[in-house]
Amino acid sequence: MAHIIPSSISRTALDSLYAKLSAFDSGWLEGDDGLGIYDKLLHCIHDGISIDSHQATKRRRQSPLVNAGYSARIAVMTYILEQWIHAVSTSVNNAENINNTCINIVLIGCGIDVLGIWCKYLQDKLPIRIYEFDAWDNCILKQKAMVKSKLLKETYSFETNNDEQTNSSIMPISIISKGQITIDDSGKNQNNKEDDYCLAALDLRQTYKEDHKLSLLSHAFHEVELDTSQPTIVLSELVLAYLGYDGANATMLTIAKYILCRGNEYSMFACLEPVFPSSDQETKTMNDTTRVLSVEESYSMDYSQQFLGKLQKGNSKYTASSADSNIGISSSSWLHPLGDNMKSIQQRFEKCGFPSSNICCTTLGTAAANVAQIRRSYAPNFLRANEPFDENSALALNLNCYGVVCAFASETRTTTTTTPTYIKETSQDWRQKVCPWKSSFYIQIHPIATLIEDNQVRELYGQIYCHLYEEYPAIRKMVKSALKTDLCIKGTQGENSIVRSRFKDKGGNFWVATDSNNSERIIGCVGVRKRKKTEKERTESISSSPESTIEYEIQRLAVDNTHRGKGTGRKLLSFVEEYICNTEEDMKSKRNSDDSFMIKLWATTPECLFAANKLYNSSGYEHAESFQAGSLYMDVYCKTLNKTSQYYHTP
């Protein structure tokens, strides 16, 4: 049934526990008191596991290379969680809000790790609620271990005999355990009377019945009563790779929609996943006899085969005719990396609805190096070998086979509830602390406000197409026309932006982007206004559907040539899309109307502007038509903003 998974995948939970214990024993993580507590909690869970033929394998010390790799994983994931909790707890600046605020820790594919429990030790200013999700077998194992080790005082337990018959009859989502985390002898959390822990079983590969693009996780959030208006971090460690391509996409879409786009401004998603070619890519590469593989590529391909081989070991009887076939997943889909490099992972996250400018991807090696540099200010031997180690090159290659991704909430997300007031630090300040490997360059967008900015926009728009004037004289005419019409400021008085007023008069707005390193210099701009339908379009829309269609048109999208390729144009587009959806939803609420409506966003660009056409294509816009205006060939794009999913994701 739903919760039955390949025994090799289920067994990785125990393997991971033993490997992390071995990593601590090897001394790579010495010097950090917080991680010392993590080590003790791992031992508590280990001691609480019932040792029998079904659940345990013999614990053994791992090789120095494995110890180093797991130490890097522990160091990075605990650092992200620790810094995020610190950012949230120190940013609550209104005493009235403290009583109404809690921190949500959500672990996807939690296994029998203690990362969620460990966070209870990090601060006592705000209550922390832990929600963990995994397959049935892992949840039962973890429940028993936590109760036996007295880490959990249960208030609810799913009664089961844990046999095959019971497994086949359970619900798609089953709450296995609820209760209160009992920390240690210091008295912390001892007086907690409310449940702060929930463990639920489900098959993360399954999709939601009403919307197959979303994971069953969306329903699980509702079942466990997760309040997404509170600061929420979702963590996964080597989980998405086991869900298959479609299963991982559904999970990411669900997190983007329910946590980052509708939740709190401090919400985020952090994952650590394999980064190497998929089986199809490997086959294609191996068949290309003219190509010479680099050392990194060869290692990555070999490592992926070893990874998959470990999963398939001893499971020849597990075929697509068993559990996976019931949900459309073959055994070849047991392992599917997020991508083969950081760029492909970034693009995949964007397609799953994550705000493009709020995604930070790097290799585990880079992330671990940054964390080590910070920790060594008080723990000089942190992530340094305390055992004989001569595999530094192999370690570097190994760490580059994993990626660390942090995705943050959108600045203009939709929220249905009032969230607490935070603003002691800017969003980029705390994000930089959570991800010290994050580039210090970021893009700031705000509505154009002054006449000085009007002049900068005119200068930007007049310069970016200069290189095309000789080959395409019509481009020069197009630019001159814009400067004489909607970007014209001749004869204006005062200090306020006339450009913005002009666009607002037409039902839209106008924004500018600035460089974080120079907030006074405009590096991009975009405007949007209501689009007037032709008589033919009005007639067709009335006859085709009773649903009202609201249409906008993008204009004057421009990015400085020195800032191309940094996500400026994509972020400007996302900003426009979010603004439109928020505006229309607000207007609908003010009208107190239940009428349905559809939002379409149009853009027209010259065919010769290859970068602009590529941007629209990659951002979910569909090519609607082409036409000729004088000597210029023009392309028209359209995107439907779907309110039922993450609003700037193409349905």
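**A seven-stranded sheet and two loop residues**

Let me begin with one pair of residues: E622 of this predicted model lies opposite C638, a residue of strand 18. A second pair in the neighbourhood of our discussion is E625, whose bridge partner in strand 18 is V636.

These pairs bring us to the two strands concerned. Strand 17 and strand 18, the latter covering residues 632-641, run antiparallel and are joined by seven bridges. Together they form a hairpin with two residues between the strands. In that turn, G630 has a positive phi of about 65°.

Now to the sheet as a whole. It is open, it has seven strands, and its order is 12-13-14-15-16-18-17, with mixed pairing. Strand 12, residues 443-447, and strand 17, residues 622-629, are the edge strands, each pairing on one side only. From one strand to the next, the twist averages 25°.

What packs on the sheet? Helix 21, residues 568-591, does so, touching strands 12, 13, 14, 15, 16 and 18. The direction of helix 21 makes about 150° with that of strand 15.

I turn finally to two residues that are not glycine and yet have a positive phi. For E225 the value is near 60°, and for L238 it is about 55°. E225 is found in the loop between helix 8 and strand 8, whereas L238 lies in the loop between strand 8 and helix 9.

Are these residues buried or exposed? E225 has 63% relative accessibility, and because the cut-off for exposed is over 50%, E225 counts as exposed. L238, with a relative accessible area of 11%, is buried, since buried means under 20%.

Key
Residues numbered from 1 in each chain as written. Predicted model: local features only at pLDDT ≥ 70, side-chain atom pairs only at ≥ 80, totals over all residues. Heavy atoms only, no water. Pairing = 2+ DSSP bridges. Helix = DSSP H or I, 4+ residues; strand = E, 2+ residues; numbered from the N terminus. Axes fitted to C-alpha atoms, helices over the stretch in contact; angles between N-to-C directions. Contact = heavy atoms within 4.5 Å. Buried < 20%, exposed > 50% of the residue type's maximum accessible area, 1.4 Å probe, protein only.
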